[in-house]
Amino acid sequence: MFKRQRPSSTGERMNELFERVRKEYGVEIRDENDMTNAWKLVEALKEKGWVVYIITAREQEQVDAWHEKFGSLFAQFGETPNFGSVLEGICSIALLVREFEKNGTL
């Protein structure tokens with residue numbers, strides 16, 4: 001069985017995340033500070049009926065999304081959607097929504 005190798009650093013992991021966003025949404029995120037382009041994902045989700053929740057506090061970067069036909073991506077399951085950054089959270093939830101769309105969950 002082929003086992004996918006995990007990126008060895010945070011930078012590599014984020015670059016992989018940005019590449020997946022580019023392939024799935026056509027949005028080019030240049031780096032971990034590119035909130036302008038990441039916000040395009042929030043707008044795309046909003047157009048599909050999603051409400052995106054962003055909570056920031058000291059040592060806490062939470063991003064979740066809710067849809068009337070699905071509920072929340074994380075909270076309804078008792079999970080706390082903590083990410084390394086808000087930008088990482090936005091990218092991650094956008095990709096999760098796209099995955100649900102592809103497999104027919106949404």
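Where is the place of Glu59 in this protein? Hold that thought for a second, everyone, and good morning. One thing to keep in mind as we go: what you have in front of you is a predicted model.

So, Glu59. This residue sits in the loop between strand 1 and strand 2. Those two strands form a hairpin with two residues between them, and within that hairpin Glu59 adopts a positive phi near 60°. Is Glu59 buried or exposed? Its relative accessibility is 79%, and because the cut-off for exposed is over 50%, Glu59 counts as exposed. If you want a feel for the distances here, take Gly26, which is 33 residues away from Glu59 along the chain: the C-alpha atoms of the two are separated by 31 Å.

Let me step back to the whole fold. The protein has three helices and three strands, and going along the sequence you meet them in the pattern α-α-β-β-β-α. The radius of gyration comes out at 14 Å, close to the 13 Å from the globule rule for 106 residues, so the protein is as compact as a globular protein of that length. Along the principal axes, the C-alpha atoms fill a box of roughly 40 × 35 × 25 Å. Of the 106 residues, 37% are buried. And for those of you who like contact maps: among contacts with a separation of 6 or more, 41% are between residues 24 or more positions apart.

Now the sheet. Strands of a sheet pair through backbone hydrogen bonds, in either a parallel or an antiparallel way. Ours is an open sheet of three strands in the order 1-2-3, and the pairing is antiparallel. The edges are strand 1, residues 51-57, and strand 3, residues 71-72, each of which pairs on one side only. Strand 1 and strand 2 are joined by seven bridges; one to look for puts Val52 together with Ala65 of strand 2. On the other side, strand 2, residues 60-67, pairs with strand 3 over two bridges, and there you will find His67 opposite Gly71.

What lies across this sheet? Helix 3 does: it lies across strand 1 and strand 2, and runs at about 25° to strand 2.

Helix 3 also has a helical partner. To describe two packed helices, one gives the angle between their axes and the distance between the axes. For helix 2, residues 35-47, and helix 3, residues 86-103, the angle is about 35° and the axes are 10 Å apart. The crossing of these two is left-handed. Helix 2 brings Met35, Ala38, Trp39, Leu41, Val42 and Leu45 to the contact, while helix 3 brings Val86, Leu87, Ile90, Cys91, Ile93, Ala94 and Val97. Which classes of residue make up this contact? There are 13 nonpolar residues, with no polar and no charged ones.

One last residue before coffee, and this one is also a glutamate. Glu88 is in helix 3. Is Glu88 buried or exposed? Its relative accessibility is 12%, and because buried means under 20%, Glu88 counts as buried. What is Glu88 in contact with, once we set aside its neighbours within four places in sequence? The list is Arg13, Met14, Leu17 and Phe83.

So there are two glutamates to click on when you open the model: Glu59, exposed, and Glu88, buried. Thanks, everyone!

Methods. Residues numbered from 1 in each chain as written. Predicted model: local features only at pLDDT ≥ 70, side-chain atom pairs only at ≥ 80, totals over all residues. Heavy atoms only, no water. Axes fitted to C-alpha atoms, helices over the stretch in contact; angles between N-to-C directions. Helix = DSSP H or I, 4+ residues; strand = E, 2+ residues; numbered from the N terminus. Left-handed = near helix turned anticlockwise from the far one by under 90°. Contact = heavy atoms within 4.5 Å. Nonpolar A, V, L, I, M, F, W, Y, C, P; charged D, E, K, R; others polar. Pairing = 2+ DSSP bridges. Rg over C-alpha atoms; globule rule 2.2 N^0.38 Å. Buried < 20%, exposed > 50% of the residue type's maximum accessible area, 1.4 Å probe, protein only.
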